Amino acid sequence: MKKLLYTLATVVTICSSACACGGSYDEFDTYNTWFFSAFKDDYSFFKPSANSGNINDWAVYLGISYADAEYLVLKVGKIEIEAALNGYLADPKLKFLTTAFVKKHRHALQYLVCAKTIEPYAARNFETYWPWWYYDESPCVSALGEEFIENLQLACKSETDRELKLRYGYQLVRYAHYLHRYSDAVAYFDKYVEPLGIKNEVYYYALNQKAGAEYNLQQYSQAVQNFMNVYLNSTDQKESAYRSIFSFCDGHYTPNTLIQMRS
């Protein structure tokens, strides 16, 4: 692991220098061949946590088991959560959504409805060699419209719970990124995410999206530093950040990549 961290740190330095000097991908290949040949296709050192950092955070926040949090966040649909908010419960696996629970966590459940509204537009399946900081619009991610951006900004401003405010900020950053509004994505991160001072898992989800937007703005030095920050601190986004660092430094992209937006 020490060797890997040293290698990544060296790559950050070289890539940052090359990008700052207007270096091309050919120059990256020249300077970095031995780094990439040693590490870029070998992910065996990644030992993913049995539990998602994001789901762990939800379990703690809601005071429920990891299994219940996983089911609520990843398995349950928007309709079921809306029904629970209205006092109806058809799914026996959601028995923990008692009247008292719904009253206490109404804002969190409303956030999940918002997140699940995005899910139909969440998967990006690339058939070409695009870098994974670039998102096409098929299915059309812009279908939710400008009003959705406005609603997310309103939620960021009006929500009083800082952890939920952070999650709305993350949704705003990544949605702007998906719309190719890269400057907006960076600005939203700086305005709605960073000032909260919360460095939990969803913060690094948002930082990963910001780094991708920075890449598309040709802010390569800042992008690679932020990807490195995600790699070092995130549980769920570690491999994604690692791949990003090496992919845009050597100019090789992986086809057929499925990017899944998370709640």
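**Close-up views of a predicted model**

C114 is buried, at 14% relative accessibility. This value, like the others in these legends, comes from a predicted model.

**View 1. Two cysteines without a bond, C114 and C156**. Like C114, C156 is buried, and its relative accessible area is 3%. The cysteine sulfur closest to that of C114 belongs to C156, and the 9.2 Å between them is too far for a bond. The search from C156 leads back to C114, again at 9.2 Å and too far for a bond. A disulfide would need the two sulfur atoms within 2.5 Å. The structure holds 0 disulfides.

**View 2. The salt bridge of E146 and R181**. Over the whole structure, the search finds 5 salt bridges. In the one shown here, the side chains of E146 and R181 meet with an N to O distance of 2.9 Å. E146 belongs to helix 8 (residues 146–158), while R181 sits in the loop between helix 9 (162–178) and helix 10 (182–193), so the bridge ties together parts that are 35 residues apart in sequence. E146 counts as partly exposed, at 42% relative accessibility. R181 is also partly exposed, with a relative accessible area of 24%. The view can be widened to take in D184, which is linked with E146 and R181 in a network of salt bridges.

**View 3. A salt bridge within helix 11, K210 and E214**. The side chains of K210 and E214 meet at 3.8 Å, N to O. Both residues lie in helix 11 (residues 201–216), where they are 4 residues apart, about one turn of the helix. K210 and E214 are both buried.

**View 4. A salt bridge within helix 13, E239 and R243**. The closest N and O atoms of E239 and R243 are 2.8 Å apart. Helix 13 (residues 238–250) holds both residues, and the spacing of 4 residues is about one turn of the helix. E239 is partly exposed, with a relative accessible area of 28%. R243 counts as partly exposed too, at 22% relative accessibility.

**View 5. The aromatic pair of Y170 and Y205**. The structure holds 11 aromatic pairs. In one of them, the rings of Y170 and Y205 are edge-to-face, with 5.6 Å from centre to centre and 80° between the planes. This pair links distant parts of the chain, since Y170 is in helix 9 and Y205 in helix 11, 35 residues apart. Y170 is buried, with a relative accessible area of 3%. Y205 counts as buried as well, at 2% relative accessibility.

**View 6. The aromatic pair of Y203 and Y204**. The rings of Y203 and Y204 are edge-to-face: the centres are 4.9 Å apart and the planes stand at 90°. Both of these tyrosines are buried.

**View 7. An aromatic cluster of W58, Y61, Y111 and Y168**. One tryptophan, W58, and three tyrosines, Y61, Y111 and Y168, form this one cluster.

**View 8. A charge over a ring, K238 and Y231**. The charged end of K238 sits over the ring of Y231. The distance from that charged end to the centre of the ring is 5.0 Å.

Key:
Residues are numbered from 1 along each chain as its sequence is written. This is a predicted model: local features need pLDDT of at least 70, side-chain atom pairs count only at pLDDT 80 or more; totals for chains, interfaces and linings use all residues. Side-chain values use heavy atoms; hydrogens and water are left out. Buried means under 20% relative accessible area, exposed over 50%, partly exposed in between (1.4 Å probe, protein chains only). A salt bridge is a side-chain nitrogen of Lys or Arg within 4 Å of a carboxyl oxygen of Asp or Glu. Helices (H or I, at least four residues) and strands (E, at least two) are DSSP runs, numbered from the N terminus. Rings of Phe, Tyr and Trp (its six-membered ring) pair if their centres lie within 6.5 Å; planes under 30 degrees apart count as stacked, over 60 as edge-to-face and the rest as tilted. A charge sits over a ring if NZ of Lys or CZ of Arg is within 6 Å of the ring centre and within 35 degrees of the ring normal.
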